[in-house]
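Biologist: I am new to this structure and would like a close look at one charged residue and its surroundings. Please begin with its exposure and then follow the contacts outward into the rest of the chain.

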Amino acid sequence: MSSEQRFRDPMHDQPKVTIGIMDQEAEVVGSLNGNFIEDTAGPISGGFCVNAEMGKIIFKDQSHREILQKPILRFIAQKGSTFTLCQVKLGKHFHWETEEDQTFQGDLILKINKEGKITIINEIPVEDYLKSVISSEMNPSSPMEFLKAHTILSRSWLLSVFDRRQGSEKRPKENISKGEEIIRWYEREDHDLFDVCAGDHCQRYRGILKTSRKEVEKAVKETYGQVLTYEDEICDARFSKVCGGITEEFHTAWDDKKVPYLTSTSDAPTSYPRIRTEKEAVAWIFSSPKAYCNIKDEGLLKNILLDVDLETRDFFRWRVEYSRGELEEIIKEKSGIDFGRLLNILPIQRGPSGRISKLKILGSSKSMMVGKELEIRRWLSRSHLYSSAFIVTMEKDRFILNGAGWGHGVGLCQMGAAFMAHLGFSADEILKHYFRGIEIKKIY
């Protein structure tokens, strides 16, 4: 049975999703706002604190009185109830990492993970989850057709995760080659205690504080149950912030597999040639081509981006500079490998957008190949490089990286799609520009 047929079952309503909000926590503080039911404690509400001890979660109320002690706790929300978690990390390990208190609808689940730490999970219907995702990924004041397009692709990506979990497709979580080469990538299937996480590794999800805008409610309601399909299967619809003018192939970022609807396309009304050589990469990255995501209008940027993203100014083209000693220290810290004196960094393999999937690091003590694109971005920055579409210039004792785009560049370009909507393109036209050969179908 195809994924489309499964969801077309007349008895099948929207599914629920479990979202990992916090992980690897020794202690969590929050509050149950309204009534929640726990199967042994009965109704419970108010402030709480939880700790992990000897493989169990110790749940204390706001008076620090121990109420429960279990390896798994589930609090079922009653009508109108919410829960709040304090100091939730946003953008973990990225350049804009911060913390905020967040409030959520739905059920609260607490589990002990295999390291003996606490994992905080929220379970909620898919359509309610999407209201938060769309508000958390981009500004709700973005053009309506962009909000609708993003809702459809976010729903598609999520339901395709369910399909892969049920065995219709198994992808390796990572591939590590020993010796002189480390090729590693990270899939959403890395999560074993919940369906998806709340961060950029999956889709941003920041709770109900981000769902109050009528525009988002409308976008979700008007696209209810709609997904992208390719040959009767729900599409694994990927997206990134800024492609840089050309979108990337799936296999540049993840396993070596061709995905027909995740191919490279120009983010522009006209077609740009695919990058094939280092000379072409240099020319492309040092240019400022006409592209949907090359937005310079400050007012439009404020309507499209959230405040946390507005702090990142140079995302279409960017520059990072390191001293030799600083970059040696970063690479050693991130890779766990001492390369000795850093001699050079050489791109070995690029995708059509210029993103590097294999990079050679040359040192006086050791030389090694690293990939794919996210691992390269991690190794060359204390947080993450904006993208792996960069060229390296050496000036005396300094390494200069000039780059293009923000994110992996595969699938929909969020900035480009928002600008297409601003120009009057419909949600269908936007999606069919970035995902070739797809159909949009209502499956529940």
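Modeller: Glu329 is partly exposed, with a relative accessible area of 46%. On this scale, buried means under 20% relative accessible area, exposed over 50%, and partly exposed anything in between, using a 1.4 Å probe and protein chains only. The model is predicted, so local features are reported only at pLDDT of at least 70 and side-chain atom pairs only at pLDDT 80 or more, while totals for chains, interfaces and linings use all residues. Residues are numbered from 1 along each chain as its sequence is written, and side-chain values use heavy atoms, with hydrogens and water left out.

The charged partner of Glu329 is Arg382: the two form a salt bridge, with their closest N and O atoms 3.0 Å apart. The pair is 53 residues apart and links distant parts of the chain, since Glu329 belongs to helix H9 (residues 324-335) and Arg382 to the loop between helix H10 (373-379) and strand E20 (390-395). A salt bridge here is a side-chain nitrogen of Lys or Arg within 4 Å of a carboxyl oxygen of Asp or Glu. Helices (H or I, at least four residues) and strands (E, at least two) are DSSP runs, numbered from the N terminus. Arg382 is partly exposed too, at a relative accessible area of 45%.

Strand E20, which follows the loop of Arg382, is part of an open sheet of three strands in the order E16-E21-E20, with antiparallel pairing. E16 and E20 stand at the edges with a single partner strand each, so one side of each has no neighbour in the sheet. From one strand to the next, the twist averages 20°; angles run from 0 to 180 degrees between N-to-C directions, and axes are lines fitted to C-alpha atoms, for helices over the stretch in contact. Pairing requires that DSSP find at least two bridges between two strands, and E20 and E21 pair over six. Within that pairing, Phe390 has Gly403 in E21 as its bridge partner.

Two helices pack on this sheet. Helix H6 (residues 278-285) touches E16, E20 and E21, and its direction makes about 90° with that of E20. H9, the helix of Glu329, also touches E16, E20 and E21, with its direction at about 100° to that of E16. Contact means heavy atoms within 4.5 Å.

The sheet has a salt bridge of its own, in which the side chains of Arg398 and Glu321 meet at 2.6 Å, N to O. Arg398 lies in strand E21 (residues 398-404) and Glu321 in strand E16 (residues 317-323), 77 residues apart. Arg398 is partly exposed, with a relative accessible area of 34%, and Glu321 is also partly exposed at 34%.

Elsewhere, a search of the whole structure finds 28 salt bridges. One of them joins Asp39 to Lys70, the closest N and O atoms being 3.0 Å apart. Asp39 sits in the loop between strand E2 (27-38) and strand E3 (42-53) and Lys70 in strand E5 (residues 66-70), so this pair ties together parts that are 31 residues apart in sequence. Asp39 is exposed, with a relative accessible area of 67%.

The strands on either side of Asp39 are themselves paired. E2 and E3 run antiparallel and share nine bridges; Val28 stands opposite Val50 in E3. Three residues make up the hairpin connection from E2 to E3. E2 is also joined to strand E6 (residues 72-77) by two bridges, again antiparallel, and there Ile37 has Ile76 as its bridge partner.

Last comes a pair of helices. The axes of helix H11 (residues 414-422) and helix H12 (residues 427-434) come within 10 Å and cross at roughly 145°. In this contact, Gly416, Ala417, Met420 and Ala421 of H11 meet Ile430, His433 and Tyr434 of H12. By class, five of the residues are nonpolar, two are polar and none is charged; Ala, Val, Leu, Ile, Met, Phe, Trp, Tyr, Cys and Pro count as nonpolar, Asp, Glu, Lys and Arg as charged, and the others, Gly among them, as polar.
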